[in-house]
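Subject: Handover of a structure and its findings

Dear colleague,

Please find the structure below, together with its sequence. I should be grateful if you would keep it open while you read the notes that follow.

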Amino acid sequence: MNRLVATLSTLVAASALFWFFPLFHVVPRGTALAEKQQAAFNAAEYVKAFWTAKLTPAFGEAADAATVLAALRDDPKQARTKFGRSAGLGRTKLYFVHGSGQIVSVDDKAIGVSLTSDGSGAELAIQTGLLFGNTIRDATGLVRGDEFSNSQHFNEVSTELNRIVETTILPRLKRQAKVGAAIEFVGCAEVTNLPRDATPLQVIPLDVKFQ
Amino acid sequence: MRFLRRQFLWAVIAATGLAALASCGRKPAGEGGREKIAVVVSTLNNPWFVVLAETAKGRAQELGYEATVFDSQNDTAKETSNFEDLIAAGYKAILFNPTDADASIANVRMAKEAGVPVFCIDREINANDAAASQILSDSYSGCVDLGKYFVDTVGENGNYVELMGLVGDNNTRNRSQGFHSVVDRYPGLKMVAQQSADFDRTKALDVMESILQANPDVDAVFCANDAMAMGAYQALVAAGKDKDVKVFGFDGADDVVKLIAEGKIVATGMQFPKTMAKTAAEYADQWLKGKREFQQKLPVAVELVTKDNVSDYGDYGAKSEPTR
């Protein structure tokens, strides 16, 4: 009888011990992987540091938008080689541009900008709607896929860059943009099909100033 | 004279012995003395991967190698066994379509330790220091474009289903994330079901049939590959809903491209398997000729194929293939 009580007590004690201090946890494989990856990379912190330390100092290296537009119109092949960037193989080229001009139109999704003062139509459409994809991440060539062992993290950088532009650049731009105003900008553009994608050139703004 | 003859004899014996010793460590070459390249593919139970494997094999042969295809049957244990066999058999390079982004790393490391370079094609491994290079579809961007077209064609309100691929594959997650990075911005689009069908047509048919029973009011289906899009479409035809539900795929498989031209499937993402496979074979050739510096992850753009541009695509590619 005493032995039975002792055995049961030991079992109860052991069960309690393992209940509070389990030797292992069983979790779904997908969840475990997702948690591991989540813990390993913080896109918000990465992009915050990238924006300040690398992207902003590179604004001065952006190509002149009027020159790029002229090259895209006159010699697309040379424009691709001289000004375009891509992360890998593909028909799409990305352009990191700066310039100044006059606002000629404003709607829900874009601000039309003329780079010349002759009153012609918009040569650029600065995007003010929802932002998707990798244009900002890849246009400057400052973030390389080789830095990331898992491409999901590389893609999270894009999502975060888009979010920062949507939440910090676009609200002020939309508030201040008025037809006739003079504007300076730094931004990124994606061109796959010509002349469609360059008339007007769709630019995602990274920095804007009103003169 | 006799001394010289004996010395010559000893020299011949020594040279033969040295040659024999030197050859002990060498693995047999292929037919006609050609070096051997292995193509290890996750599955051959999907025409898209057959094209990937056969193109890699064909390009390696064009470059003067003996090439053999190994099928991992979507099983990492089988993949390991393939790697062990081909390393022992003296293959000089591996063109590799991994089964699992994490579980396949060990196989790549095994080959690297044996001095055999591995070039990943289409699917990624979660390591930057194992493969010689990884030539990968930009699934995320491709699905961003599909997501935008989805919103354009389905509208900003509606119910949709998502069929996902293999859980361990990064392409599964990248495609889903790319698609949701767009569609989730429209609160009127409601995902009524999200299930994995392992990139498999038959499984997709079964899964879609079950989903339709529980959710008869569906406007669209987003499938993470074209095999599943075909399975989902088949289920919709059987349920008499194929004209009401819009199907979106991903891959650029020939049967789906044809159905887009016929207006039965809405869109897919063309992945250019031939470009990726040829590039991997050419990289392996360059490695074997001494080059060592390769971009670790080389993304290959995915292009949106719709009824408006379908005539530009077919035979697992486009009229002009993407370049740098």
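To begin in chain B, B:Ala220 stands opposite B:Lys246, a residue of strand 9 of chain B. Please bear in mind throughout that the model is predicted.

**The four-stranded sheet of chain B**

The pair just named belongs to strands 8 (residues 220-223) and 9 of chain B, which run parallel and are joined by three bridges. Both strands are part of an open sheet of four strands in chain B, whose order is 7-6-8-9 and whose pairing is parallel. At the edges of this sheet are strand 7 (189-196) and strand 9 (246-248) of chain B, each of which pairs on one side only. From one strand to the next, the twist averages 20°.

**The six-stranded sheet of chain B**

Chain B also has an open sheet of six strands, again with parallel pairing, in the order 2-1-3-4-5-11. Which strands form its edges? They are strand 2 (66-71) and strand 11 of chain B, and each pairs on one side only. Neighbouring strands of this sheet are turned against each other by 15° on average, direction ignored.

Within this sheet, strand 1 (residues 36-41) and strand 3 (residues 93-96) of chain B run parallel and are joined by four bridges. As an example to locate on your screen, B:Ala38 has B:Ile94 in strand 3 of chain B as its bridge partner.

**A buried strand in chain A**

In chain A, I would direct your attention to strand 3 (residues 110-114). Are its residues buried or exposed? Five of the five are buried, so this strand is largely enclosed by the rest of the structure. A:Ala110, A:Gly112 and A:Ser114 point one way from the strand, while A:Ile111 and A:Val113 point the other way; all are buried.

Strand 3 of chain A has antiparallel pairings with two strands, taken here in turn. Four bridges connect it with strand 2 (residues 93-106) of chain A, and in this pairing A:Gln102 stands opposite A:Ser114. A hairpin of three residues links strand 2 of chain A to strand 3 of chain A. Four bridges also connect strand 3 of chain A with strand 4 (residues 124-127) of chain A, where A:Ile126 is the bridge partner of A:Ile111.

**Salt bridges**

Side chains of opposite charge can pair when their charged atoms come close. How many salt bridges does the structure hold over all chains? There are 20, and three of particular use for study are described here.

In chain A, the side chains of A:Arg137 and A:Asp138 meet in a salt bridge with an N to O distance of 2.8 Å. Both A:Arg137 and A:Asp138 are buried.

In chain B, the side chains of B:Glu62 and B:Arg59 form a salt bridge at 2.7 Å, N to O. These two residues are separated by about one helical turn, because they are three residues apart in helix 2 (residues 47-62) of chain B. B:Glu62 counts as exposed, because its relative accessibility is 62%. B:Arg59, with a relative accessible area of 21%, is partly exposed.

The side chains of B:Glu124 and B:Lys297 meet in a further salt bridge, at 2.6 Å, N to O. B:Glu124 lies in the loop between strand 4 (118-122) and strand 5 of chain B, whereas B:Lys297 lies in strand 11 of chain B, so the pair ties together parts that are 173 residues apart in sequence. Both B:Glu124 and B:Lys297 are buried. Salt bridges that share partners also join B:Arg59, B:Glu62 and B:Glu282 into one network.

**The second largest pocket**

The second largest pocket holds about 450 Å³ of space. Its lining consists of 29 residues, and those nearest its centre are A:Ala87, A:Gly145, A:Phe154, B:Lys297 and B:Pro299. Which elements give two or more residues to this lining? From chain A they are helix 6 (135-139) and helix 7 (151-176); from chain B they are strand 5 (133-137), helix 5 (139-154), helix 6 (170-183) and strand 11 (297-300). By class, the lining has eight nonpolar, eleven polar and ten charged residues.

B:Lys297 is a suitable residue with which to end, as B:Lys297 pairs with B:Glu124 in a salt bridge and is among the residues nearest the centre of this pocket.

Yours sincerely,
A colleague

Note on methods:
Residues are numbered from 1 along each chain as its sequence is written. Chains are lettered from A and ligands numbered from 1 in the order in which they are written. This is a predicted model: local features need pLDDT of at least 70, side-chain atom pairs count only at pLDDT 80 or more; totals for chains, interfaces and linings use all residues. Side-chain values use heavy atoms; hydrogens and water are left out. On a 1 Å grid over the protein atoms alone, a cavity is a set of points where a 1.4 Å probe fits but cannot get out, and a pocket is an open set with protein on both sides within 12 Å along at least five of seven lines; lining residues have an atom within 4 Å of a point. Grid points are joined across faces, edges and corners, and a volume is the space filled by probe spheres set on the points. Ala, Val, Leu, Ile, Met, Phe, Trp, Tyr, Cys and Pro count as nonpolar, Asp, Glu, Lys and Arg as charged, and the others, Gly among them, as polar. Two strands pair if DSSP finds at least two bridges between them. Axes are lines fitted to C-alpha atoms, for helices over the stretch in contact, and angles run from 0 to 180 degrees between N-to-C directions. A salt bridge is a side-chain nitrogen of Lys or Arg within 4 Å of a carboxyl oxygen of Asp or Glu. Buried means under 20% relative accessible area, exposed over 50%, partly exposed in between (1.4 Å probe, protein chains only).
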